[in-house]
Each structure stands twice: as structure tokens, then as C-alpha cells.
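Please look at the sequence and the 3D structure together, and keep both in view while reading the report that follows.

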Amino acid sequence: MSVIQLKGQRREGVGKGFARKARAAGQIPGVVYGHGETPVPVAVDAREFEVALRGFKGANPIVNLSMGGGSDVTALVRDVQIDPLTRGIVHLDFQHISLTEQIEVEVPVHFVGTPVGVKDSGGILEHLLRMLKVKCLPTAIPTGIDVDVTALNIGENLHVSDLQPGTGYEIVTDADVAVAAVVAPAAEEVVAAPVEGEAATAAEPEVVGAKGKKEGEEGAPAASAKEGGKDAKDAKEGGKDARETKKEKK
């Protein structure tokens, strides 16, 4: 891995106010720490930083940060903070390192091939781990680790312990951690169609007082209603008899 040359300068103050002033002047505020030294606030030119890292491939760029006056620092760019709205870089973390001492870093996982469970059985490849932690010299940091998943069938997992050892680095992520898996596709819910005639039967409304119902059955006319009609008829006839009796007396 090549070392990127970058110019920097010490910042006179720390805090949000000084950081805003640095960004307003076209600089990116940052800090250099590590090797048991007191953290040093720094600033780098934003345009120069973007151009220097434009062609870099990988997740762990190493820079030779020239602070002026013959003070150079070899550092790993540990963290790049991005503004979620403007997508501009707002802060940088530089870890002071030695090119002759091993360090631990995270590198991306690259899946290679199409699993047999996906190709032949319609399974789904799940990416369970995106980064692997490795230990190596700064100049031997891999840009990524290729993981062959072609042999995976449905229901099978690939763990860190299954990975082939690399050259120049040691994987320090726990061996039992699953990296990838192939799972069966989700079963589609099947809605049973109604049996012929059921829908019509269910939709048919109940007829109240249907023709042919006997007295006392559901929907039949109430007995009291019939009796009420009879009483009314008797009352009518009684009134007629009373009128005839009155006429005879006259």
C-alpha cells in the first residue's frame, strides 16, 4: 500500500467555534492521536485532501502528514465524518502509526460467485458480515477480502473459520461469526377459494315471515296479532247489535 503525501498545520484552538472557522477557510479540522502522545488538533486543505484520496481504493488510507518545520507524521485515516445534508467532510481522525508495527483495522468483505442454492433452488444470499478485522503491517493492509460463496446451498452458513488464510495479514474476527448464509425464499400465502355454492348461500338474506311458515316458527305472524283482529271484529258486531236494540225501543 502506498503512502499518500498530505500537507497539514496545527490548529491554534479547539472547539466548535475554531472548527467552524477552519471549514469557512476551506480547511477540514482534525486531530492526530496515538503512540501514547497528547492529541494534536490539526487542519488540512479540503480540496487537497479530496484530490489526494480520489484514486485510493480501500478503507484504510495511510498518509504522510507534513506539519511544516520538518515535522512529519505517518498516520492512518481512522475516521471521516460526513455532514448528512451537504455530504461534505466536517472532521478527520488521524492515528499516528509506525510502518514497522502491526495494527488492527477493518477491511470490507467481497462475495465472489453465485451460490448453488441461489442458482438451482431459488434461494437468497444473506450478507451477514460486511467488514472483517485483520492484523497486519500498515503497508500490507488488504483493500478487501474475497469470500467464495459458490458452494453454499439452502440452509448452509459460511463462518470466519471457513475462510482461507490470507497473505500478509491475520483475521482476528471471532472464528464462530457467520459471514454469509443462503436461505429459502419466503413462502407465498395461498388463500383458499370458496367451494362452489358457499358464497351464494352465505350471501342469501334470511327472509322473515316467509310464506308457508307455521304459527310459532321463526318468521311466522304472532298469534296475538290474529287474536287482536278477531276482537276487533267482535267489537264491530257488538256495536251493530246495540244500534238495532235502540231502534226497536223507539
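This report goes through the strands, the sheets, the nonpolar cores and one helix residue.

The model is a predicted one, and the values below were computed from it.

**Two open sheets**

Strands of a sheet pair through backbone hydrogen bonds, and the pairing can be parallel or antiparallel. One open sheet here consists of four strands in the order E10-E7-E9-E12, and its pairing is mixed. Strand E10 and strand E12 (169-171) stand at the edges with a single partner strand each, so one side of each is left without a neighbour in the sheet. On average, and with direction ignored, neighbouring strands of this sheet are turned by 45° against each other. Inside this sheet, E7 and E9 are joined in the antiparallel sense by six bridges, and Pro-108 stands opposite Met-131 in E9.

A further open sheet has three strands in the order E8-E13-E11, with antiparallel pairing. Its edge strands are E8 (124-127) and E11 (157-159), each of which pairs on one side only, and the twist from one strand to the next averages 15°. Four bridges join E8 to strand E13, which covers residues 178-183, and the two run antiparallel. Leu-125 stands opposite Val-182 in E13.

**Pairing around strand E3**

Strand E3 (residues 37-45) pairs in the antiparallel sense with strand E1 (residues 4-10), and strand E2 (residues 27-34) also pairs with E3 in the antiparallel sense. In E3, Val-44 is the bridge partner of Gly-8, while Asp-45 is the bridge partner of Gln-27. E2 and E3 form a hairpin with two residues between them, and His-35 in the turn has a positive phi of about 60°.

The table lists the bridge counts for the antiparallel pairs described above.

| Strand pair | Bridges |
|---|---|
| E1 and E3 | three bridges |
| E2 and E3 | seven bridges |
| E7 and E9 | six bridges |
| E8 and E13 | four bridges |

**The nonpolar cores**

How many residues does the largest nonpolar core have? It has 23 residues, and those with the most contacts inside it are Leu-76, Val-105, Leu-132, Val-134, Ile-141, Ile-145 and Val-147. Strand E7 (103-112), strand E9 (131-136), strand E10 (145-148) and E13 each supply at least two residues of this core, and the largest share, four residues, comes from E7. Apart from this core lies another one of 18 residues, among them Ile-28, Val-40, Ala-46 and Met-67.

Val-105 gives a closer view of the largest core. When its neighbours within four places in sequence are left aside, Val-105 is in contact with Asn-60, Leu-76, Arg-78, Leu-132, Lys-133, Val-134 and Ile-141.

**Val-118 in helix H3**

Val-118 is found in helix H3, which covers residues 116-119. Is Val-118 buried, partly exposed or exposed? Its relative accessibility is 25%, and buried means under 20% while exposed means over 50%, so Val-118 counts as partly exposed.

Which residues does Val-118 touch, if those up to four places away in sequence are not counted? They are Gly-123, Ile-124, Leu-125 and Val-182. Although Val-118 and Val-182 are 64 residues apart along the chain, their C-alpha atoms are separated by 7.3 Å. Val-118 therefore touches both members of a facing pair in the sheet, because its contacts include Leu-125 and Val-182, and Leu-125 stands opposite Val-182 in E13.

Key: Residues numbered from 1 in each chain as written. Predicted model: local features only at pLDDT ≥ 70, side-chain atom pairs only at ≥ 80, totals over all residues. Heavy atoms only, no water. Axes fitted to C-alpha atoms, helices over the stretch in contact; angles between N-to-C directions. Core = buried A, V, L, I, M, F, W, Y, C linked by side-chain atoms within 4.5 Å. Buried < 20%, exposed > 50% of the residue type's maximum accessible area, 1.4 Å probe, protein only. Contact = heavy atoms within 4.5 Å.
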